[in-house]
Amino acid sequence: MGDLGNYFGQAFFGVANRESFAKSVKGVFDSISANWRAGIFTGDNLITYGKNLSFQIDKPFMAAIAAHATTDVEKSIIWRTAVLAWAARNGLRREGDFVECGCYRGISARIICDTINFNASGRAFYLYDLFEYPEGSNHTRMPDMGPKLFDEVVERFSSIPKAHVIKGSIPEMLHVRSPEKIAFLHIDMNSVAPEIGALEVLFERVSPGGVIVLDDYGYMPYRAQRDAEWRWFAERGYDVIELPTSQGLVIK
Ligand SMILES: C[S@@+](CC[C@H](N)C(=O)[O-])C[C@H]1O[C@@H](n2cnc3c(N)ncnc32)[C@H](O)[C@@H]1O
């Protein structure tokens, strides 16, 4: 990882035969002319070459990744996380607090906090999640969900006094506790109803120029989410750009 400008993440979703997949990817890179055989990125269903991979020269970001991204998936989604860091830095020039709907282990948010020295910003970071899996629901069941996760996330943010870790269902919890003005909004719940519910409550509070990042907007299994969100924004005169990282991006 990080060798000669290349970045080799290991996590790909939907691969049936990892051995032949790896061999084929190697075949792709072997067939590139030598002067382009750099700037290689693998992971998170992206295979690229000849890219600057500029996030690798972002020292605070890479230090935060080294400190907090421990699993193959967390390391492989680095390009997505770099997009979040960009949106968060943009947020520092806008009025309001930071919000993540669906924080799970809090890894992306913690990386953001370190990258932008969040404590110095004077803002609050609202982190929402169910933390426990509601039996029988149609939510994506994340492996670490369970009775201990809330406390683990609270502990992860113990050095960020203005991080508020909030347990409960979106959109209901947003009516109980949420900021009036928002500078950065990340929506990542892998589920149509709460994602649209979050937009219904929070979008009008996003400051002009604030960025909204819709995770998984470009991933095929979440097509229904993409369609609902595209429609929701189109009805309000906004367009969503699908990034190669599979995030949807809107600038208010
Ligand atoms: C993919 S994970 C989030 C990953 C996290 N944003 C990150 O970058 O590491 C999706 C999370 O959404 C949460 N979630 C799903 N539906 C929810 C709801 N209605 N209210 C609150 N959280 C929800 C799940 O509990 C799960 O932890």
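In strand β10, Val250 is the bridge partner of Ile212. This contact, taken from a predicted model, offers a convenient point of entry into the structure. It belongs to the pairing of β10 with strand β8, residues 206-214, in which the two strands are joined in the antiparallel sense over four bridges.

Strand β10 itself spans residues 248-251 and has two unlike faces: Gly248 and Val250 make up the covered face, whereas Leu249 and Ile251 make up the uncovered one. This pattern may be read against a general rule. In a regular strand, side chains alternate between the two faces of the sheet.

Strand β10 also pairs with strand β9, residues 241-242; these two strands run antiparallel and are joined by two bridges. Here Leu249 of β10 is the bridge partner of Ile241. Strands β9 and β10 form a hairpin with five residues between the strands, and in this hairpin Ser246 takes a positive phi near 80 degrees.

The view can now be widened to the sheet as a whole. Seven strands form an open sheet of mixed pairing, in the order β6-β5-β4-β7-β8-β10-β9. Strands β6 (163-167) and β9 stand at the edges and each has a single partner strand, so one side of each is left without a neighbour in the sheet. Elsewhere in the order, strand β4, residues 97-101, and strand β7, residues 182-187, run parallel and are joined by five bridges. Within this pair, Phe98 has Phe184 of β7 as its bridge partner.

The helices supply a further element of the architecture. The axes of helix α2, residues 59-68, and helix α5 come within 8 Å and cross at roughly 140 degrees. The two helices are therefore oblique to each other, and the crossing of α2 and α5 is right-handed.

Helix α5 leads in turn to the ligand. The ligand is surrounded by 20 residues, of which the closest are Gly102, Tyr104, Ser108, Ile170 and Pro194. The elements that give two or more residues to this shell are α5 (107-115) and strand β5 (125-129). Helix α5 thus appears both in the crossing with α2 and in the shell around the ligand, while β5 has its place in the sheet between β6 and β4. As to the character of the surroundings, the shell around the ligand comprises ten nonpolar, six polar and four charged residues.

Notes: Residues are numbered from 1 along each chain as its sequence is written. This is a predicted model: local features need pLDDT of at least 70, side-chain atom pairs count only at pLDDT 80 or more; totals for chains, interfaces and linings use all residues. A residue is near a molecule or strand if its C-beta atom, placed from the backbone, lies within 6 Å of it. Ala, Val, Leu, Ile, Met, Phe, Trp, Tyr, Cys and Pro count as nonpolar, Asp, Glu, Lys and Arg as charged, and the others, Gly among them, as polar. A residue is buried if 20 or more other C-beta atoms lie within 10 Å of its own, exposed if 12 or fewer, and partly exposed in between; C-beta atoms are placed from the backbone. Two strands pair if DSSP finds at least two bridges between them. Axes are lines fitted to C-alpha atoms, for helices over the stretch in contact, and angles run from 0 to 180 degrees between N-to-C directions. Angles under 35 degrees count as roughly parallel, over 145 as roughly antiparallel, 65 to 115 as roughly perpendicular and the rest as oblique. A crossing is left-handed if the near helix is turned anticlockwise from the far one by less than a right angle, and right-handed if clockwise.
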